[in-house]
Amino acid sequence: MRTLIKNGTIVTAVDTYAADLWIEDGRIAAITAPGGFGGSPPQADTILDAAGKFILPGGIDAHTHLDMPFGGTMSADDFETGTRAAAHGGTTTIVDFAIQSKGKSFRSALDDWHQKAEGKAAIDYGFHVIATDVNDSTLAEIPALVAEGVSSFKLFTAYPGSLMTDDAQIFRALRKAREAGALTMMHAENGSAIAVLVKEAIAAGQTAPKYHALTRPEIAEAEATYRTIALAELAGAPVYIVHLTSPRALEHVVRARDAGLPVYAETCPQYLFCSLDDLARDGFEGAKYVCSPPVRDKAAWPEIWRGIKTGHIQVVSTDHCPFRMADQKILGKDDFSKIPNGMASIETRLHLMWDGGVGTGKISMNRFVEITSTAPAKLFGLYPRKGTIAVGADADLLVWDANKEHVLDAAALHMAVDHSPYEGRKVKGAPEIVMSRGKVVIDKGVHVGAKGHGRFVKRAPFAMI
Ligand code: URP
Ligand code: ZN
Ligand code: ZN
């Protein structure tokens, strides 16, 4: 089967050019000058006309939490609903987190997550492992997991008593990951200090959602970011700071990168489009915006955009961790610390970043592709199979309509939640066609793919240094 996408303008992280694109066996077979064949052109079984549209590599979301236990409940999207929603938004690959239960192996976490995803996913997926119990036995598992295509591990300096690891565990994990060719990812907040502030706030009757942010101040993120970078330097290891929110934390990343250290950072749309004002909305509405680290004062937005523009922040992922308001977020009605942490955003990342980034002139189309697809592909061992448009790459492609305007509305979105943090926001730019390995999975807003089409992707070892 041969498919031709003709008359489009290809946009990669480095180039923008008009071309025809030929797909065979799920991969990009050729890229030719528009209508460039004199005489008798090759035939295609299917022809898609992309005149007036851009052709982009499918989005890669390197930070999702599907079917995950958290805060006494489960994230609302499983691999079926979550990956279908991702596809609707133009994301064609996710890397989700398999959580190690304390006392169990990394392997058992991975086995559980394979079971959750297999036969359900609409798009391709990989896994990071969340390490909660770092010891001789679990450290010894790392090389085999890297060989199986799981080449990144996340640790937490937050959530004492559940996910948090101490500095010795972090240091050991960083060293072992470096030896094995894995990238260590860090949720950087000082969980111990935050726990004190949370306890005091609750005792003082400060129970509303806004206190979630006030008890997780920027300095707690900045301290843990610096500590993580220092431990990584000591271990001679690369490190990736997930969901960076704060200018003070960014300063540490900038300083480390300028010093030549292999330090990488990711932010998420909520830190560019949501703020303390949202957390302080009337009634319990603010609960929709409870995530960790928290959304910050609006004054942080231009600083985080600056990090994206200068390249100190390389990736924009979602940290999609959705919970319904009606029966999940409500668990924290009288105590903000019981509101399950996380926001629903797997479907809206590209809309927001195109509209708010490219549409406002903050970033170019090429930088958009880089932060949402190419850079995560490179950092997480998916490149060049994914994350770009090149001969031999998987045909994970978007026909992108830069002029399509629509309003984000929970009822029309496809995530398994009863709200959108971006409800009512008008955005311009959307995928018209989404293709996963050469198969159209979304056609003008309709899911035409199959449950179980998505496959586990074996990722290569970390190779950015
Ligand atoms: O609030 C968040 N971010 N929930 C998901 C877990 C995490 O910390 O990434
Ligand atoms: Zn986190
Ligand atoms: Zn997360």
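The following exchange examines how several descriptions of this predicted model are justified.

Me: What makes Lys154, His187 and His243 protein donors of the zinc ion (ligand 2)?
Reply: The atoms concerned are NZ of Lys154, ND1 of His187 and NE2 of His243, and they lie 2.1 to 2.5 Å from the zinc ion (ligand 2). The cut-off for a donor N, O or S atom is within 2.8 Å of the metal, so these atoms qualify. In sequence, the donor residues follow the spacing K-x32-H-x55-H. Lys154 belongs to strand β11 (residues 152–156), and His243 to the loop between β13 (239–241) and α9 (247–258); with their positions 89 residues apart, the pair links distant parts of the chain.

Me: What separation is found between the zinc ion (ligand 2) and the zinc ion (ligand 3)?
Reply: The two ions, ligand 2 and ligand 3, are 3.6 Å apart.

Me: Why is Lys154 called buried?
Reply: Its relative accessible area is 1%. Buried requires a value under 20%, and therefore Lys154 falls in that class. His243 also has a relative accessible area of 1%, so His243 is buried by that criterion.

Me: How do you know whether His65 is buried or exposed?
Reply: The relative accessibility of His65 is 4%. Because the limit for buried is under 20%, His65 counts as buried. The residue is placed in the loop between β6 (59–64) and β7 (69–70). Leaving out residues up to four places away in sequence, His65 touches several residues, including Asp96, Lys154, Asp319 and His320.

Me: What makes the pairing of the His65 and His63 side chains a polar contact?
Reply: The two side chains approach to 3.1 Å. A polar contact needs a pair of N or O atoms within 3.5 Å, so the distance for His65 and His63 satisfies the limit.

Me: Why is Ala85 called buried?
Reply: Ala85 has a relative accessible area of 0%, and the threshold is under 20%, so the term applies. Ala85 lies in helix α1 (residues 79–88). Beyond its neighbours within four places in sequence, Ala85 is in contact with Ile346, Glu347, His414 and Met415. The C-alpha atoms of Ala85 and Ala416 are separated by 8.7 Å, although the two positions lie 331 residues apart along the chain.

Me: What makes the meeting of Arg437 and Asp124 a salt bridge?
Reply: The N to O distance between their side chains is 2.6 Å. The rule asks for a side-chain nitrogen of Lys or Arg within 4 Å of a carboxyl oxygen of Asp or Glu, and the pair therefore meets it. Across the interface of domain 1 and domain 2, one salt bridge is found. Between these domains, 13 residue pairs are in polar contact. β17 gives the most to the side of domain 1 that touches domain 2, namely eight residues.

Me: How do you know how much area domain 1 and domain 2 bury between them?
Reply: Buried area is the accessible area that two parts lose on being put together, summed over both, so the figure for this pair is about 3,500 Å². Carbon and sulfur atoms account for 63% of it. Met415, Pro421 and Tyr422 supply 19% of the area that domain 1 buries against domain 2, more than any other three residues. Domain 1 covers 2–56 + 388–447, and domain 2 covers 58–379. Their centres, taken over C-alpha atoms, are 28 Å apart. In terms of contacts, 40 residues of domain 1 meet 44 residues of domain 2.

Notes. Residues numbered from 1 in each chain as written. Chains lettered and ligands numbered in written order. Predicted model: local features only at pLDDT ≥ 70, side-chain atom pairs only at ≥ 80, totals over all residues. Heavy atoms only, no water. Donors = N, O, S within 2.8 Å, 3.2 Å for Na, K, Ca; no water. Helix = DSSP H or I, 4+ residues; strand = E, 2+ residues; numbered from the N terminus. Buried < 20%, exposed > 50% of the residue type's maximum accessible area, 1.4 Å probe, protein only. Domains from an automatic or database assignment. Contact = heavy atoms within 4.5 Å. Buried area = accessible area lost by both parts, 1.4 Å probe. Polar contact = N/O pair within 3.5 Å; in protein donor to acceptor, adjacent residues only side chain to side chain.
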